[in-house]
Amino acid sequence: MEPLISGTIAATGSFRCEKCGYVLTLAAADSLTDCPDCGARAFVRASLFTAPSSAAPQVVDDERDRLIADGRARIDQPGEYLVYEADDEIHVAPLIGEWTRIGRSLAANVRFDDPTVSRRHALIVHTPDGAQVLDDRSLNGVFVNGTRVTHRTLADGDEIVVGRYRLRFLVVSEVAARSEATGTTA
């Protein structure tokens with residue numbers, strides 16, 4: 001596909017940043033601006049029916065590994081968790097209920113006050129087959145490991161993209177014993 005790098009009106013549809021993979025959805029009169037995630041200006045049309053180009057680099061593996069390591073270091077109970085970065089802080093959200101709502105709504109369990117996130121963007125539901133992420137009719141879609149999905153069973157370390165936020169699904173079966181006095185691993 002030809003990158004969109006000139007002009008301001010791109011028309012209605014979804015567009016993917018060639019540098020970071022961020023997906024932006026525009027209405028008819030919206031202008032295509034710099035990528036809100038990385039600042040790049042090269043976009044291609046995003047489609048549910050074609051796979052993203054393998055030439056488009058995703059988030060650097062070191063950043064993903066750092067987020068997972070920092071998240072695991074903050075967890076002190078076995079279970080399933082979402083780890084994400086927002087407002088320059090790492091957040092860990094335990095998945096303790098039958099379902100967890102992700103969105104912009106005040107009723108969301110994991111809430112992002114951001115226009116790229118729908119009020120009811122996604123759900124994580126516990127099923128006999130494991131935890132599944134479901135797109136809750138969001139405008140910008142839900143992506144798991146770079147692929148747009150309507151639903152997907154999650155595995156430890158999977159990346160879920162909701163709007164401009166990248167969340168990691170973690171399954172912790174054992175937690176290393178910590179010394180209460182020092183806060184270090186025993």
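# A tour from Arg66 through the strands

Select Arg66 to begin: its side chain is partly exposed, with a relative accessible area of 36%, where partly exposed means between the limits for buried (under 20%) and exposed (over 50%), using a 1.4 Å probe and protein chains only. The model is predicted, so local features need pLDDT of at least 70 and side-chain atom pairs count only at pLDDT 80 or more, while totals for chains, interfaces and linings use all residues. Residues are numbered from 1 along each chain as its sequence is written, and side-chain values use heavy atoms, with hydrogens and water left out.

**The helix.** Now add Asp70, which is partly exposed at a relative accessible area of 28%. The side chains of Arg66 and Asp70 meet in a salt bridge, 3.6 Å from N to O; the term requires a side-chain nitrogen of Lys or Arg within 4 Å of a carboxyl oxygen of Asp or Glu. Because the two residues are four apart in helix α1 (residues 61-74), about one helical turn separates them. Select Glu85 as well, since Arg66, Asp70 and Glu85 are linked in a network of salt bridges. Helices (H or I, at least four residues) and strands (E, at least two) are DSSP runs numbered from the N terminus, and by this count the protein chain has one helix and 14 strands.

**Strand β1.** Next, select residues 13-17, which make up β1; five of its five residues are buried, so the strand is largely enclosed by the rest of the structure. Turning the view shows cover on both faces, with Gly13, Phe15 and Cys17 buried on one side and Ser14 and Arg16 buried on the other. Strands count as paired if DSSP finds at least two bridges between them. β1 pairs antiparallel with β2 (residues 23-26) over four bridges and, also in the antiparallel sense, with β3 (residues 43-45) over three. Arg16 is a useful landmark here, standing opposite Val23 in β2 and opposite Val44 in β3. Five residues lie between β1 and β2 in their hairpin, and Gly21 in the turn has a positive phi of about 90 degrees.

**A second hairpin.** Move to β4 (residues 79-86) and β5 (residues 89-94), antiparallel strands joined by six bridges. Ala86 stands opposite Glu89, and Asp87, in a hairpin with two residues between the strands, takes a positive phi near 55 degrees.

**The open sheet.** Colour the five strands of the open sheet in their order, β7-β6-β8-β9-β12, where the pairing is mixed. β7 (110-111) and β12 (151-153) stand at the edges, each with a single partner strand, so one side of each is left without a neighbour in the sheet. Within this sheet, β8 (residues 122-127) and β9 (residues 130-135) run antiparallel and are joined by six bridges, with Thr127 partnered by Gly130.

**Charged residues in loops.** Show Asp114 and Arg164, whose salt bridge brings the closest N and O atoms to 2.7 Å. Asp114 lies in the loop between β7 and β8 and Arg164 in the loop between β13 and β14 (165-172), so the pair ties together parts that are 50 residues apart in sequence. Asp114 counts as buried at 9% relative accessibility, whereas Arg164 is partly exposed at 34%.

Finish at Asp158, in the loop between β12 and β13 (159-162). What does the side chain of Asp158 reach? Its target is the backbone nitrogen of Ala155, at 2.8 Å.

Terms used
A polar contact is a pair of N or O atoms within 3.5 Å; within protein, one must be able to donate a hydrogen and the other to accept it, and residues adjacent in sequence count only if both atoms are side-chain atoms.
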